[in-house]
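Please look through the model below with its chains and nucleic acid strands in view. The paragraphs after it go from the surface around each strand to the parts of the chains that make it up.

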2 protein chains.
Amino acid sequence: MDFRKLDNLSVDCVLLKLENNALKVLLRKRSLNLFSENLPIIDDWVLPSHYVLKSNNLGETANRIFNELTGENHLNKSQFRTYGNANRINSDKDLLWIRSRGAKNRTITVAYYLILPSNKKLKQTEGLKWFKIQTLPELGFDHHKIINDAYQDIKSKINTEPLIFNFMQIKFTLNELQSAFETLLGIELDNRNFRKKITSKPYIVPLEEKRKGQSKKPSRLYMFSNEVYNQVVETDHIINI
Amino acid sequence: MDFRKLDNLSVDCVLLKLENNALKVLLRKRSLNLFSENLPIIDDWVLPSHYVLKSNNLGETANRIFNELTGENHLNKSQFRTYGNANRINSDKDLLWIRSRGAKNRTITVAYYLILPSNKKLKQTEGLKWFKIQTLPELGFDHHKIINDAYQDIKSKINTEPLIFNFMQIKFTLNELQSAFETLLGIELDNRNFRKKITSKPYIVPLEEKRKGQSKKPSRLYMFSNEVYNQVVETDHIINI
DNA sequence: TCAAAAGTGTTAGTCTTACACCCATGC
DNA sequence: GCATGGGTGTAAGACTAACACTTTTGA
């Protein structure tokens, strides 16, 4: 293992989850006081990130970040875009920060996102906070764009890939699933029609179990079967441009 | 302008087109004779590529490659993935090649694809050749994977984004369009149903013009209207997982 | 007049949409 | 017994899938 950092290559991670009918993204506090404790020069938020080590792959670097945050290994991360414009780091505070880290101004950032179920707890929460994606705080670098690109990528795939189930707990109710679609796409769906459509899919398997939710009446639980999905999807060809 | 190269950052470009009912990718001959003219140590094919210059953006670097090849500026390129594993350059010939270029073994490659219409001519063809994507020659680096990733990305988007029209000339016939779908997806479509579906789209506009093709009977030409498409697509929300 | 690809219509079945009330339970 | 979210059915209309022949032209 070569633990030296590549000084112009980093991996940024966008962790996302749904909470209270809102899409939330995890950010880390960034602060730097150069002259005095009372004069913070940098005081904003950034995406969790690491420089890539000489003997680490990109995906390994992302996994390390995810693991540090959640304490678990995740298989469903997506590399969605790389940011490497010559002038992407150009504000005074960002340049100062980069210098304080001994890294290059021209840093290439490979961005990943990871979708977590609503009930996932973080391993440690120090300096970390979930923000609604519509009301982000002041962000460093081009992280506003990165977060937005991640969101757009998810939106564009949510209707054709089984991404939505990453937002769900393993066992979920149909109303939870509907609410997830509605929140992510910003639309409203007809409950009866949604249920008919979803329950007609062989890869959404009803369980005997029920769960008591916010309602008085217990609701039936369902699971997503990846195996069944992969079989079914093979034969599906709809021209839909 | 700083014309020095970043010695660990390159952009690879996958140029694609349809020709004779086959998807083709453009490759560049790579050869290096170290000891004698008759003993080629490296003799294979690679994707068109450039190292990124210190003052160039990633997209600019891709544009430069595309422009050198086609003599035109293209707006519809897609950055689809970045390759930066520690050991992605590991064969003797690839290491030799990298060394001969004065670059780093740990080179990060940002990959773009560009879809060209069938009739597009290259500016120069020296050392360049179009290969069927199913029968690629011996390739350098991980370019086999890169090409395949590009193809998968296109396939996954072809039914939900108007990507297909990049493969077409500005004016095209419905049968050409159908054939493009069939080639890309490896499926067969019913001609009557396809025509009905396509002609029902407001963004596929019939022209008065006709063209004489391979057939005796001239065929009507159509165009794709991006403006109309963007308006229509807004209101389209189909949950289709 | 024939060869070649272009172009066309109908029907049965399936899927989608719109819509309003009862159910099971906890309090 | 009532408040809360869970859960259900139907009918009209739209879309899809399957299928075979005629048209226009060049040679």
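Which element gives the largest share of the surface near DNA strand C? In this predicted model, that share comes from H6(A), with four residues. A total of 21 residues lie around DNA strand C, and those that come nearest are Lys216(A), Lys217(A), Arg192(B), Ser215(B) and Ser219(B). Both chains therefore appear in this list, as the letters in the names show. Two or more residues each come from helix H6 (191–199) of chain A and, in chain B, from H5, H6 and strand S9 (219–224). By class, the surface near DNA strand C holds 11 charged, eight polar and two nonpolar residues.

The other strand can be read in the same order. Around DNA strand D there are 20 residues, and Arg192(A), Ser215(A), Lys217(A), Lys216(B) and Lys217(B) come nearest. Here chain A supplies at least two residues from each of helix H5 (174–185), H6 and strand S9 (219–224), and H6 of chain B likewise supplies at least two. The classes on the surface near DNA strand D are 10 charged, eight polar and two nonpolar residues.

H5 and H6 have come up in both surfaces, and the next point is how they pack. In chain A, the axes of H5(A) and H6(A) come within 10 Å and cross at roughly 105°. An angle from 65 to 115 degrees counts as roughly perpendicular, so H5(A) and H6(A) are roughly perpendicular to each other. From H5(A), the residues that make the contact are Leu174(A), Leu177(A) and Gln178(A), and from H6(A) they are Asn191(A), Phe194(A), Arg195(A) and Ile198(A). Four of the residues in this contact are nonpolar, two are polar and one is charged.

In chain B, helix H5 (residues 174–185) packs against helix H6 (residues 191–199) at an angle of about 105°, and their axes are 10 Å apart. H5(B) and H6(B) are therefore roughly perpendicular to each other. Leu174(B), Leu177(B) and Gln178(B) of H5(B) meet Asn191(B), Phe194(B), Arg195(B) and Ile198(B) of H6(B). The contact of H5(B) with H6(B) is made up of four nonpolar residues, two polar residues and one charged residue.

How are the two chains related? Chain B superposes on chain A by a rotation of 180° with 0.0 Å of shift along the axis, at an RMSD of 0.0 Å. The two copies are thus related as by a two-fold rotation axis. The same surface serves both copies, since 100% of the contact residues of chain B recur in chain A.

Between the chains, 30 residues of chain B are in contact with 30 residues of chain A. On the side of chain B that touches chain A, strand S1 (5–19), strand S5 (78–83), strand S6 (108–115) and H5 each supply at least two residues. S5(B) gives the most to this side, with three residues. The residues there divide into 15 nonpolar, 11 polar and four charged.

Within a single chain there is one further division. Chain A is split into domain 1 (5–157) and domain 2 (164–234). Taken over C-alpha atoms, the centres of domain 1 of chain A and domain 2 of chain A are 30 Å from each other. Where the domains meet, 12 residues of domain 1 of chain A are in contact with nine residues of domain 2 of chain A. On the domain 1 side, strand S1 (5–19), strand S2 (22–32) and helix H3 (143–157) of chain A each supply at least two residues. That side has six nonpolar, four polar and two charged residues.

Technical notes. Residues are numbered from 1 along each chain as its sequence is written. Chains are lettered from A and ligands numbered from 1 in the order in which they are written. This is a predicted model: local features need pLDDT of at least 70, side-chain atom pairs count only at pLDDT 80 or more; totals for chains, interfaces and linings use all residues. Axes are lines fitted to C-alpha atoms, for helices over the stretch in contact, and angles run from 0 to 180 degrees between N-to-C directions. Angles under 35 degrees count as roughly parallel, over 145 as roughly antiparallel, 65 to 115 as roughly perpendicular and the rest as oblique. Two residues are in contact if their C-beta atoms, placed from the backbone, lie within 7 Å. Ala, Val, Leu, Ile, Met, Phe, Trp, Tyr, Cys and Pro count as nonpolar, Asp, Glu, Lys and Arg as charged, and the others, Gly among them, as polar. A residue is near a molecule or strand if its C-beta atom, placed from the backbone, lies within 6 Å of it. Domain bounds come from an automatic or database domain assignment. Copies are superposed by least squares on the C-alpha atoms of residues with pLDDT of at least 70 in both.
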